[in-house]
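The exercises below go with the sequence and model shown next. Each begins with a task and is followed by a solution worked out in steps.

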Amino acid sequence: MLAGPTSYRAVTGLRSRKAMLETLVQQLNMVRLTVGALALVVFAGCTGLIDADNAPAIAPEEQLARELFTTKAAPALNTFCLACHNGSRPSIDFLVGASDLDVRAALIAFDPPVVNLSAPQSSRLLTKGSHEGPALSATSTSDILEWIRAEKDAQPDPGLTDPTANLETAPFLLRACVGPAGSAECPVNDIDLTDIGLPGTRIQFVAQGLGSGIYLNQLKVVGGPMGVYLEHPLFASRPEGVEALPDSIDRYFAVKMNLMASTEEQLAGGTAAFVGWNINDRISILFKTIKPFQPDGGGGEGGGGGGGGCKVLASFKTNVVPRLQASCARCHGGADANAVSAMSITGFDSVTDATVQTACNQVLTRVNLTTPDNSGVFIAPAVGNVNHPFAFPDAGSFDGFKTPLLTWINAERTAP
């Protein structure tokens with residue numbers, strides 16, 4: 001059995017997750033820099049007014065939140081809300097600021113709150129509807145909701161500032177696959193997370209050395225007796241005597257997984273290639289958050305997913321499973337890593353109820369039980385939503401999807 005996780009403070013070279021993210025940002029070659037941040041870097045390069053060595057690193061979640069506000073939320077708010085909320089009425093002036101980022105800060109801090117980072121779909125911005133001003137369009141609602149979800153992800157997690165929190169596995173040596181799959185020469189790496197407070201929970205994968213790096217397959221998370229909720233796993237190579245090398249594209253920055261006890265699920269498609277890494281160097285895995293299974297959907301934006309996951313599985317199987325098969329299975333069932341990380345329905349059509357329950361719990365994290373029409377499961381594929389890879393072509397086909405899902409949702413709302 002490989003060594004279990006340990007505190008960041010006990011690991012030489014990884015002083016904290018912030019230190020790792022600073023290294024990461026320096027090595028990402030500005031892949032995720034916003035237009036504004038890129039302009040700032042260019043300006044600094046021309047004038048020398050900003051010392052890049054002293055500039056604070058921006059975590060990927062914060063970068064994404066800024067970008068989504070500038071490119072999606074701000075245009076929508078300017079179209080539907082700016083005329084009344086631009087400062088001309090002090091009691092509702094939540095769109096005031098010299099720049100988009102100033103407006104963003106004012107909007108998040110506005111009192112009474114119009115943005116709910118705990119349950120993004122219940123934000124007053126989205127639920128106000130038609131009033132003295134017009135209701136948001138479906139596309140604008142989706143854009144603003146996507147931004148608020150990103151803001152929620154960008155908020156500091158208490159575990160990140162707790163020096164005793166175990167958020168990183170101890171560095172471990174890979175057991176390389178050098179023979180046929182399933183043979184003794186192709187072992188499964190089994191990373192036990194017991195020492196992180198999750199007895200029996202493991203991360204498993206097969207590792208192969210390549211000329212250009214290493215390749216992981218059959219990569220999955222296995223929940224122990226307590227299950228597991230995790231966000232943003234970050235793999236890092238640990239060459240002896242040099243700075244740790246984090247995943248250069250931070251591929252799992254948007255990953256959230258919430259597994260019930262004794263269930264397992266692929267991590268974003270189950271494969272990953274890390275270019276430039278050596279199979280003989282140690283590896284560690286860092287997490288933004290890791291804790292036992294969260295019955296309410298963990299850190300997700302379900303907007304009231306219930307205290308114990310799905311309660312009416314029979315209705316889910318009757319009303320929802322056929323619609324998932326017809327419209328969602330190709331991407332959210334495992335073929336698209338980004339779709340799976342957003343909402344995994346792997347096993348939704350299983351003959352085993354425990355497996356279907358896990359998929360049902362995932363769908364429930366995209367349901368607003370208070371205002372079902374504002375559920376993410378409806379907003380994403382709504383007619384005309386160009387920001388989701390799939391949208392229904394007309395109202396009739398959308399209603400054919402939505403109506404049976406509402407039957408299940410209403411059963412969940414009234415279930416004891």
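**Exercise 1: the disulfides**

Cys-177 and Cys-186 form a disulfide, with their sulfur atoms 2.0 Å apart, where a disulfide is a pair of cysteine sulfur atoms within 2.5 Å. This is a predicted model, in which local features need pLDDT of at least 70 and side-chain atom pairs count only at pLDDT 80 or more, while totals for chains, interfaces and linings use all residues. Residues are numbered from 1 along each chain as its sequence is written, and side-chain values use heavy atoms, with hydrogens and water left out.

Task: find how many disulfides the rule gives, and describe each link.

Solution. Applying the cut-off, the count comes to two disulfides. The link of Cys-177 and Cys-186 has -100° about the S-S bond and is left-handed, and both of these cysteines are buried (under 20% relative accessible area; exposed is over 50% and partly exposed in between, with a 1.4 Å probe and protein chains only). The other pair is Cys-310 and Cys-360, whose sulfur atoms are 2.0 Å apart. The torsion about the S-S bond of Cys-310 and Cys-360 is about -100°, so this disulfide is left-handed. Because Cys-310 lies in the loop between β11 (282-291) and α9 while Cys-360 lies in helix α12, the pair ties together parts that are 50 residues apart in sequence. Both Cys-310 and Cys-360 are buried. With the bonded cysteines of the protein chain numbered in sequence order, the pairing is 1-2, 3-4.

**Exercise 2: cysteines without a partner**

Task: explain why Cys-81 has no bond to the closest cysteine sulfur, and state how far the nearest cysteine sulfur is from that of Cys-328.

Solution. The closest cysteine sulfur to that of Cys-81 belongs to Cys-84 and is 8.7 Å away, which is too far for a bond. Cys-81 is buried, with a relative accessible area of 14%. Cys-328 is likewise in no disulfide, since the nearest cysteine sulfur, that of Cys-331, is 8.8 Å away. Cys-328 is buried, with a relative accessible area of 13%.

**Exercise 3: helix α12 and its surroundings**

Task: compare the expected span of α12 with the distance between its end C-alpha atoms, and then work out what covers its buried residues.

Solution. Helices (H or I, at least four residues) and strands (E, at least two) are DSSP runs numbered from the N terminus, and the expected span of a helix is 1.5 Å times one less than its number of residues. For the twelve residues of α12 (residues 353-364) the expected span is therefore 16 Å, and its end C-alpha atoms are 16 Å apart, which agrees. Turning to burial, nine of the twelve residues of α12 are buried, among them Val-356, Cys-360 and Leu-364. What covers the buried residues includes β8 (256-259), α9 (313-327), α13 (376-379) and α14 (395-414).

For the pairing with α9, the axes (lines fitted to C-alpha atoms, for helices over the stretch in contact, with angles running from 0 to 180 degrees between N-to-C directions) come within 11 Å and cross at roughly 70°. That makes α9 roughly perpendicular to α12, a description used for angles of 65 to 115 degrees. The contact (heavy atoms within 4.5 Å) is made by Leu-313, Phe-316, Lys-317 and Leu-324 of α9 and by Asp-353, Val-356, Gln-357, Ala-359, Cys-360 and Val-363 of α12.

Key
Parallel < 35°, antiparallel > 145°, perpendicular 65-115°, else oblique.
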